[in-house]
Amino acid sequence: FYGVTGKDLAEKFKEHINSMDIKITEERVNNIYAMGDYFALMVNEKMYEARTIILATGMEVGKTLEGEERLLGKGVGYCATCDAPLYKDKKVAIIGYNKESKEEANFLNEIASKTYFIPMYKNDSLMRESNELDNSIEVINDRPVQIKGENLVNKVSFKEKEIDVDGVFVIKDSASPKSLVPGIETEGPHIKVDINMQTSITGCFAAGDCAGKPYSYIKSAGQGQIAAINAVSYLDKLRIEQKNKK
């Protein structure tokens, strides 16, 4: 479409989706677990099940904190509302990159003995939005440099000080593939796929920027088509296998 703007093209895509009565659910998926016959998608207090999935998460440029990936599942998490019961009467820190992180801090503060909130906003106006923090939450306006601990998290360090904590929640708009889908193989920051856009997990496909460079709309659309075709073929294969068992 020569001369069309990105905004206009996006609207055309939405019109196409609406014409086919496809519903879009806008929720944050915290984790995806391969359960053998199906995938469990954890969405805060809810769970969705799917026979096959296609990951098209794009890429977020940004580094993890030192110790963040090493201590994932050992005191580091990405969903406070999911894991809050584990931190009853304990000290926790929320490292927040978006306004939703304040909601999670308030929720966690009802259970924890002490809650620290560390804003990582690039736009300071987010701190003044309607969702305010509980008065008992201690705000640390400093940049963390490392999450420390041997087998479990025990500290968050800054340039000139440290705080003792039992857990750290890093609340971002997106998570790395390894933390989103435990067990998936990656190549650097990208998800490893074959020519059919199949990942290392059977029934899980990936397409677009998350599957590697070049970061191009045309490449992403083509990979999306390949992933969708092979996901449908995978479902057909499962149906045939189930039919033969009967």
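Contact means heavy atoms within 4.5 Å. The model is predicted: local features need pLDDT of at least 70, side-chain atom pairs count only at pLDDT 80 or more, and totals for chains, interfaces and linings use all residues. Residues are numbered from 1 along each chain as its sequence is written, and side-chain values use heavy atoms, with hydrogens and water left out.

**Exercise 1. Describe the protein as a whole.**

Step 1. Take the contacts in the protein with a separation of 6 or more: residues 24 or more positions apart account for 50% of them.

Step 2. List the secondary structure. The protein has 5 helices and 15 strands, where helices (H or I, at least four residues) and strands (E, at least two) are DSSP runs numbered from the N terminus.

Step 3. Give the extent. Along the principal axes, the C-alpha atoms fill a box of roughly 55 × 50 × 30 Å.

Step 4. Give the burial. Of the 246 residues, 37% count as buried; buried means under 20% relative accessible area, exposed over 50%, partly exposed in between (1.4 Å probe, protein chains only).

**Exercise 2. Determine how far helix α3 is covered, and by what.**

Step 1. Helix α3 spans residues 100-109, and 7 of its 10 residues are buried.

Step 2. Those buried residues are Ser 101, Lys 102, Glu 104, Ala 105, Asn 106, Leu 108 and Asn 109.

Step 3. Their cover includes the helix α2 (80-83) and the strands β6 (91-96), β7 (114-119) and β12 (167-171).

**Exercise 3. Place Leu 65 in the fold.**

Step 1. Locate Leu 65 in the loop between β4 (53-55) and β5 (76-77).

Step 2. Leu 65 counts as buried because its relative accessibility is 11%.

Step 3. Leaving aside neighbours within four places in sequence, Leu 65 is in contact with Ile 95, Pro 144 and Ile 147.

Step 4. Compare sequence and space for Leu 65 and Gln 146: they are 81 residues apart in sequence, and their C-alpha atoms are 5.8 Å apart.

**Exercise 4. Work out the sheet that contains β2.**

Step 1. The order is β1-β2-β3, an open sheet of 3 strands with antiparallel pairing; two strands pair if DSSP finds at least two bridges between them.

Step 2. β1 (31-34) and β3 (46-50) are the edge strands, each with a single partner, so one side of each has no neighbour in the sheet.

Step 3. Strand β2 (residues 39-43) pairs with β3 over 5 bridges, in the antiparallel sense. Within β3, Met 47 stands opposite Met 42.
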